[in-house]
Amino acid sequence: MTHPSVPSRRSFLHLAGTGLALSTLGLAPAQAAVPRSAAAADAAGPVLLNFNECPYGPSPAAQAAARDAVERSGRYLFAMAGELRDLFATQHGLGKEQVRLFPGSSEPLNRAAVVWTGPGAGLVVADPTFEALGDLAAARGAPVARVPLRGDGAHDVRAMVAAAARIDAGLLYLCNPNNPTGSITPADDIAWLLAHKPARTRVLVDEAYLQYSDQRSVIGGVMQRDDLIVLRTFSKLYGMAGLRLGVAAAHPDRLRELASLGDNPLPVTAMAAGLASLRDPDLIAQRKAENARIRQATIAWLGRRGFSCVPSEANCFVVDVQRDGTAFAAAMAERGVVIGRSWAIWPQRVRVTVGTAAEMARFQTAFAAVAGQTP
Ligand code: PLP
């Protein structure tokens, strides 16, 4: 049995391999796997390119708003939650009945697995993709069909629809841009999927990274359909991973099903920072452009050295390191640059989060050393 104050192994599965799960749990640094070798002892500490976090954190306005909210945090401030929901709804052309806020998007993802999958209701996911939903559905005894991405990194919507029919899926998960690849599934492909999937199969589109891309959101579709759920998070471009704020947009009946597992009020600091982020007219464009510039420069540098990446429009990419990815990541960590993990389907590829320009310079130095090249 899991100790109540310690997240389950499953919930921390995606932290494995870096030791950060352990440090997050408050274990002594000596027990954590992040190496403290001499090579890693850079004055700035290790470079963390492993969780697709935003290296800039909350915007200055969001930080000020969160600080201000602490003073009022003896209250639940439910009215602020209403204000935030209404602003999000207005900005996205939705009714407020189609929007529900959560402390992060992991929460509605987990709830989706509980309410819409099980032994008699399968799940279809891409491979590779963000594992949370697939792991939880499998643990609940649901058949899980993992459908390889197409060569261009898009979800293979035709194969996914066929799989949904085959396993009688209650839910199909589509992450756009996809984690770990950052690759895109065009809106037309998603439209095809929605038109051809089995009637019983709900479609959950996870748009955690959409703000980094040039793709059209499908969020407006929840005004016409009752079988589409779209998730957004403030953890990525808005830099609020530790503050915890996410959104589920769907038909009110679907939102009621998600809510049937109980309520959980939002942190007031997150609500205040979320409002400030939504009200900032320049934040998305600014961070999107900066991320794209640094990502493209890094991928071009890797390409010149003979290492290919799946095309990405997000704050992460997957690079083919042409040897065991887990060992490569461990060697990078020894040099003070902690990159992400490998997926079983691609053991020689590793996910890398796009950091600041200075962080990616350190990434390049470490990568060249591990690959046995001159920097
Ligand atoms: N969805 C995707 C695709 C993710 O990559 C993540 C986190 O990395 C999440 C959801 C969960 O993020 P959060 O709970 O911080 O909103």
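How many Å separate an oxygen atom of the ligand from an N or O atom in the side chain of T233? The distance is 2.6 Å. Please keep in mind that this is a predicted model.

## Around the ligand

Let's look at the polar contacts next. Besides T233, S106 has a polar side-chain atom 2.6 Å from an oxygen atom of the ligand. K236 also takes part: an N or O atom of its side chain is 2.8 Å from a ligand oxygen. The protein covers 93% of the 400 Å² of accessible area that the ligand has on its own.

Two elements, α4 (106-116) and β5 (169-175), give two or more residues each to the shell around the ligand. In total, 15 residues surround the ligand, and the closest are S106, D206, Y209, T233 and S235. Sorted by class, this shell has six nonpolar, six polar and three charged residues.

## The strands β5, β6 and β7

If you follow β5 away from the ligand shell, you come to its partner β6: the two strands run parallel and are joined by five bridges. Within this pairing, L172 stands opposite V203 in β6. Together with helix α7 (residues 187-196), β5 and β6 make a right-handed β-α-β unit.

Strand β6 also pairs with β7 (residues 228-233), again in the parallel sense, over four bridges. Here L204 stands opposite I229 in β7.

## How β6 sits in the structure

Strand β6 covers residues 202-206, and four of these five residues are buried, so the strand is largely enclosed by the rest of the structure. D206, in this strand, is among the residues closest to the ligand.

Key:
Residues are numbered from 1 along each chain as its sequence is written. This is a predicted model: local features need pLDDT of at least 70, side-chain atom pairs count only at pLDDT 80 or more; totals for chains, interfaces and linings use all residues. Side-chain values use heavy atoms; hydrogens and water are left out. A residue is near a molecule or strand if one of its heavy atoms lies within 4 Å of it. A polar contact is a pair of N or O atoms within 3.5 Å; within protein, one must be able to donate a hydrogen and the other to accept it, and residues adjacent in sequence count only if both atoms are side-chain atoms. Accessible areas come from the Shrake-Rupley method with a 1.4 Å probe; for residues, only the protein chains shown count as cover. Ala, Val, Leu, Ile, Met, Phe, Trp, Tyr, Cys and Pro count as nonpolar, Asp, Glu, Lys and Arg as charged, and the others, Gly among them, as polar. Buried means under 20% relative accessible area, exposed over 50%, partly exposed in between (1.4 Å probe, protein chains only). Two strands pair if DSSP finds at least two bridges between them. A crossover is right-handed if, with the strands pointing away from the viewer, the path from the first strand over the helix to the second runs clockwise.
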